[in-house]
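Subject: Structure for you to look at, with notes

Dear colleague,

I am passing on the structure that we talked about, and below it you will find my notes on what came out of it. Please read them with the structure open beside you.

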Amino acid sequence: MAYRLRNPDSLYINGEWVGVASGSVEEVLNPATEEVLGLAPVGGLEHAEAAIAAARHAFDEGEWRRRSATDRVALLNRFLDAIVARQEEIVGLIVAEVGSPSTRAPFHIKATVGYARFMLEAALREGVTAYPPEVNPTVGGLKMLGSAVSVRLPIGVVAAITPFNLPFLNIVKIVPALATGNAVVLKPSPYTPFEALLLGEIADEVGLPAGVLNIITGGIQVGNQMSTDPRVDLITFTGSDAVGAKLQAQAAPTLKRLLLELGGKSALIVRSDADLAAAAMTGAASFTAGSGQGCLLTTRHLVHNSVRAEYVERVAALASKAVIGNPADPLVTIGPLIRAVQRERTEQYVDIALAEGARLVTGGARPEHLDKGFFYKPTLFDDVQNGWRIAQEEVFGPIAVVIGFDHDEEAVAIANHSQYGLHGGIFSRDVGRAYEMAMQVETGYVAINGGSGGLSVAAPFGGIKRSGYGREYGVEGLHEYTYQKSISFHAA
């Protein structure tokens with residue numbers, strides 16, 4: 001069934017639905033069926049200009065940043081309540097637009113709303129920080145008593161550019177930016193525009209002030225305008241390291257702040273004393289979840305040679321049992337890749353791995369029973385060397401590689417021999433030793449024995465090296481959208 005927005009052919013700018021030129025729409029495909037899900041408006045430079053101008057005016061002249069944190073948080077909680085009220089509709093959209101299995105799609109909402117609630121609670125706690133008084137001598141021989149305070153204030157206009165793989169994580173960027181008093185221009189992936197435009201409908205429902213949240217679509221020109229316009233103060237971007245580097249170059253002349261959550265080729269270290277059943281579960285999920293389309297997925301499996309054969313057998317068995325098909329079917333556990341071009345990229349890397357000498361354990365082909373949809377079997381390679389392209393380059397498809405090691409120092413060295421540093425994992429019954437190794441792995445986040453079962457909302461998340469910089473989640477994620485001002489004063 002085709003999806004229709006309440007305001008078709010329109011973008012959400014300055015609190016109004018603004019139409020695009022006749023014919024400026026494009027088909028949005030259901031990646032599982034290749035059928036047209038609906039028509040989405042395609043914005044141009046005039047829409048980027050209008051959205052940035054609206055956000056700039058809303059920040060400079062509007063009342064949003066001048067409201068109390070309590071008022072902003074109350075309205076944004078209503079925004080989240082409205083999302084929860086439309087959960088069934090949104091879940092259906094996530095399944096159809098992204099290709100997420102229907103059993104997993106509700107977690108997109110639960111996780112993001114839970115994160116947003118944490119941010120709103122944190123925003124209420126962010127007040128004035130007072131520093132100890134100081135006594136300083138004066139020229140006349142008297143002593144002055146003084147002190148200082150610091151406050152966090154909104155940066156200004158935030159340009160949020162978001163990916164296709166988890167588009168409902170739009171609110172991971174929107175909520176902290178708005179909670180701290182900024183104005184936002186949101187540009188989603190052209191592959192998944194509906195979940196973003198739906199947020200405009202919800203902004204209307206709850207009465208967000210005009211210009212505080214603007215939602216536009218468009219291609220490279222629109223993105224370039226957002227990254228170069230001097231009226232934009234901060235760019236928050238999730239995507240590839242190649243695009244992140246371009247954004248950094250484009251933002252340099254105007255010295256914009258950047259929050260970049262980029263690619264990854266994260267390492268999962270499995271020591272000889274690991275619980276192999278648990279490690280294999282995580283290992284299988286690392287290239288089947290989201291059909292491998294996740295920057296934080298641990299797709300390099302560094303496994304102690306004494307247990308490598310058993311580990312490979314366990315992971316291959318789990319991957320081969322996965323049910324591939326239309327994600328609307330509740331029995332399906334793996335959906336499609338987002339588009340044909342992403343599947344073709346996956347196939348190219350399978351050919352690269354085989355040419356490099358990797359041993360194909362399972363997968364490596366399209367599923368025979370599906371003649372429609374951009375599906376690909378979960379693919380596992382063993383006997384891989386860390387210097388090979390298949391171990392160094394991000395595929396963003398359902399491929400994982402296994403690399404053997406003989407001692408902990410070798411495992412850490414292999415893990416760190418990467419241009420990326422986003423995520424990582426270690427499995428060991430010796431938790432103390434795992435912690436020591438985690439301290440040595442060059443990455444922004446490490447989960448020991450599966451961690452807490454997901455990203456902790458209180459723990460900051462982000463990368464180093466070509467995985468970007470800045471942090472989302474945690475109070476640190478809230479602070480990314482503020483600047484700190486210190487004010488000193490003469491007390492007596």
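Helices, of at least four residues, and strands, of at least two, are taken here as DSSP runs and are numbered from the N terminus. Please keep in mind throughout that this is a predicted model.

With that numbering, Ala 274 falls in the loop between strand 13 (267-270) and helix 9 (276-288). Its relative accessibility is 6%, and because buried means under 20%, Ala 274 counts as buried. Leaving aside neighbours within four places in sequence, Ala 274 is in contact with Phe 427, Ser 428 and Arg 429. Asp 430 is 156 residues away from Ala 274 in sequence, yet the two C-alpha atoms are 8.3 Å apart in space.

A second buried position is Val 350, which belongs to helix 11 (residues 340-356) and has a relative accessibility of 4%. Again leaving aside neighbours within four places in sequence, the contacts of Val 350 are with Gly 364, Tyr 376, Thr 379, Phe 381 and Ile 399. For Val 350 and Lys 265, which are 85 residues apart along the chain, the separation between C-alpha atoms is 16 Å.

Next, the packing of two helices. Two packed helices are described by the angle between their axes and the distance between the axes. For helix 2 (residues 69-85) and helix 5 (residues 170-179), the axes come within 9 Å and cross at roughly 160°. Since angles over 145 degrees count as roughly antiparallel, that is the description that applies to helix 2 and helix 5. On the side of helix 2 the contact is made by Arg 72, Leu 76, Phe 79, Leu 80 and Ile 83, and on the side of helix 5 by Ile 171, Val 175, Leu 178 and Ala 179. Sorted by character, the residues of this contact comprise 8 nonpolar, no polar and 1 charged.

Helix 5 deserves a further word, because 10 of its 10 residues are buried and it is therefore largely enclosed by the rest of the structure. The buried residues of helix 5 include Asn 170 and Lys 173 as well as Ile 174 and Pro 176. After helix 5 comes Gly 181, which has a positive phi, near 105°.

Turning to the aromatic residues, the number of ring pairs comes to 6. One of them joins Tyr 12 and Trp 17 in a tilted arrangement, with 5.0 Å from centre to centre and 50° between the planes; Tyr 12 counts as buried, at 2% relative accessibility. Elsewhere, ring pairs link Tyr 115, Tyr 445, Phe 461 and Tyr 473 into a cluster. Aromatic rings also meet charged side chains: Arg 65 lies over the face of Phe 59, at 4.4 Å from the ring centre, and the charged end of Arg 104 sits over the ring of Phe 107, at 4.7 Å from its centre.

Finally, two residues other than glycine have a positive phi and may be worth a look in the viewer. Asn 449, with phi near 50°, is found in the loop between strand 20 (447-448) and strand 21 (464-465), and at 34% relative accessibility Asn 449 counts as partly exposed. Lys 465, with phi near 55°, lies in strand 21 and is partly exposed, with a relative accessible area of 34%.

With best wishes

Definitions and conventions. Residues are numbered from 1 along each chain as its sequence is written. This is a predicted model: local features need pLDDT of at least 70, side-chain atom pairs count only at pLDDT 80 or more; totals for chains, interfaces and linings use all residues. Side-chain values use heavy atoms; hydrogens and water are left out. Buried means under 20% relative accessible area, exposed over 50%, partly exposed in between (1.4 Å probe, protein chains only). Contact means heavy atoms within 4.5 Å. Rings of Phe, Tyr and Trp (its six-membered ring) pair if their centres lie within 6.5 Å; planes under 30 degrees apart count as stacked, over 60 as edge-to-face and the rest as tilted. A charge sits over a ring if NZ of Lys or CZ of Arg is within 6 Å of the ring centre and within 35 degrees of the ring normal. Axes are lines fitted to C-alpha atoms, for helices over the stretch in contact, and angles run from 0 to 180 degrees between N-to-C directions. Angles under 35 degrees count as roughly parallel, over 145 as roughly antiparallel, 65 to 115 as roughly perpendicular and the rest as oblique. Ala, Val, Leu, Ile, Met, Phe, Trp, Tyr, Cys and Pro count as nonpolar, Asp, Glu, Lys and Arg as charged, and the others, Gly among them, as polar.
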